[in-house]
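User: Please take a close look at one strand of this model and describe how it sits among its neighbours.

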Amino acid sequence: MLRVAIDQARLGAREGGIPIGAALFAADGTVLGAGRNRRIQHDDPSVHGETDAFRAAGRQRDYRSTTMVTTLSPCWYCSGLVRQFGIGAVIVGENVTFDGGHEWLREHGVEVTVLRNQECIDLMADFIEREPLVWNEDIGR
């Protein structure tokens, strides 16, 4: 499942955006929607990886059995989306370059798995080194 999110992150990087990808999966592993941070590409600060994947999934009757997979620990905005819609599980590719709201989600009953995947770490570390101003803007600094 992480491969889908990583592929989205790499696509976003090729487009000139921030390399964060995500995908929402059904309980049986079916991809409901995949997306990437397209804040730069769309000139829209609300298009984070998780929100893009969520929108691509379309309306679902119930989100409790779904899993959001993201290459990076979700920010507060994306953590709020997970809580608002009751997404049952989150798989985080890495939390080394950014330690977002995944612990808060865990405290509120969301099943959270942090993988510390080296490919995800390298994608973000390289981007942050190249584009610190864009990165700080993305996380509200």
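Analyst: Two strands count as paired if DSSP finds at least two bridges between them. The model is predicted, and the part examined here is strand S3, residues 67–70.

On one side, S3 is joined to strand S1 (residues 21–25) by four bridges, and the two run antiparallel. Within this pairing, threonine 70 of S3 has alanine 22 opposite. With strand S4 (residues 89–92), S3 also forms four bridges, but in the parallel sense. Here methionine 68 has valine 90 in S4 as its bridge partner. Between S3 and S4 the chain passes through helix H4 (residues 76–85), and this β-α-β crossover is right-handed.

In a regular strand the side chains alternate between the two faces of the sheet. In S3, Thr67 and Val69 lie on one side, with Met68 and Thr70 on the other; these residues are all buried, and both faces of the strand are covered.

The wider sheet is open and has five strands with mixed pairing, in the order S2-S1-S3-S4-S5. Strands S2 (31–36) and S5 (111–114) are at the edges with a single partner strand each, so one side of each has no neighbour in the sheet. From one strand to the next, the twist averages 15 degrees.

S1 is also joined to S2, by five bridges in an antiparallel arrangement, with alanine 23 opposite alanine 34 in S2. Helix H1 (residues 2–14) packs on the sheet and touches S1, S2 and S3; its direction is at about 145 degrees to that of S1. Helix H3 (residues 49–57) lies across S1, S2 and S3 and runs at about 145 degrees to S2.

Key:
Residues are numbered from 1 along each chain as its sequence is written. This is a predicted model: local features need pLDDT of at least 70, side-chain atom pairs count only at pLDDT 80 or more; totals for chains, interfaces and linings use all residues. Side-chain values use heavy atoms; hydrogens and water are left out. Buried means under 20% relative accessible area, exposed over 50%, partly exposed in between (1.4 Å probe, protein chains only). A crossover is right-handed if, with the strands pointing away from the viewer, the path from the first strand over the helix to the second runs clockwise. Axes are lines fitted to C-alpha atoms, for helices over the stretch in contact, and angles run from 0 to 180 degrees between N-to-C directions. Contact means heavy atoms within 4.5 Å.
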